[in-house]
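Dear colleague,

I am passing on the structure we spoke about, and I would be glad if you could look through it alongside the notes that follow.

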Amino acid sequence: MKNILCFGDSNTYGTRAAGGRFERNQRWTGILQQLLGDEYYIIEEGCGGRTTVFDDPIEEHKNGKKYLLPCLHSHWPLDLVIIMLGTNDLKNRFALSPTDVQWGMENLIMAIQNMDRLVYGKAPEILIMAPVQIGRLSGLQQILIGAKEKCEQLPALYEQLAKARNTHYLNAGDYAEADDADGVHMDEAGHRALAQAVADKVRRILEGSDRHA
């Protein structure tokens, strides 16, 4: 069985734009499990508000780096780690540039790639995903001032990073978009479309036919 860790924020958790959470068979990680079948085990590790490596002074325990390391040990061995983060880094309380977010993602990649030095076995493959683009904000304008323009730069920066760090890359924004209900979270159709794209990508990665970015 191939073990795949999906590590992300509220769009991996399955937050609905109108409130609440999509059921497992509606969110992209649950659909991914259905598409890939019993030979794959999808581990859902989504948390609303999660950043790459930055401590949030308002929403505590949302630093992705601090949770990722014990998470890797808990679920080891892993064949693939999928990371989709970056949107929350763009909250204006952090005052970060798109390049800062790229560096945060790079820090996570390095932590995973160094796992083979800490525990027995080869480090897993890594797929980094640029998050869906921020849409028409409704109710989150004051939290995400200027974030839309910054988010537009993340796909190119993440693709560049994937090439530099020899990982795989996918732009979630090529397959899904934010629901107009809040401008940040995917709707059900977006979850399904993204799951299909990720399933195709995962098969290629683990079959060895997908080149690194």
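How are H3 and H4 oriented relative to each other, roughly parallel or roughly perpendicular? Please bear in mind throughout that this is a predicted model. The axes of helix H3, which covers residues 64–75, and helix H4, which covers residues 98–113, come within 11 Å and cross at roughly 15 degrees. Since angles under 35 degrees count as roughly parallel, H3 and H4 are therefore roughly parallel to each other. Their crossing is right-handed.

As for the residues involved, H3 contributes Gly64, Lys65, Leu68, Leu69 and Leu72, which meet Asn107, Leu108, Ala111 and Ile112 of H4. Sorted by class, this contact of H3 with H4 holds six nonpolar residues, two polar ones and one charged one.

Turning to the pockets, the largest one has a volume of about 330 Å³. It is lined by 15 residues, of which Asp79, Lys122, Ala123, Pro124 and Glu125 are the closest to its centre, and the lining as a whole divides into six nonpolar, six polar and three charged residues.

The second largest pocket has a volume of about 240 Å³. Its lining is made up of 18 residues, and those closest to the centre of this pocket are Ser10, Thr87, Asn88, Val184 and His185. By class, the lining of the second largest pocket comprises seven nonpolar, seven polar and four charged residues.

With best wishes

Methods: Residues numbered from 1 in each chain as written. Predicted model: local features only at pLDDT ≥ 70, side-chain atom pairs only at ≥ 80, totals over all residues. Heavy atoms only, no water. 1 Å grid on protein atoms, 1.4 Å probe; cavity = no way out; pocket = protein on both sides within 12 Å on 5 of 7 lines; lining within 4 Å. Points joined across faces, edges and corners; volume = space filled by probe spheres on them. Nonpolar A, V, L, I, M, F, W, Y, C, P; charged D, E, K, R; others polar. Axes fitted to C-alpha atoms, helices over the stretch in contact; angles between N-to-C directions. Helix = DSSP H or I, 4+ residues; strand = E, 2+ residues; numbered from the N terminus. Parallel < 35°, antiparallel > 145°, perpendicular 65-115°, else oblique. Left-handed = near helix turned anticlockwise from the far one by under 90°. Contact = heavy atoms within 4.5 Å.
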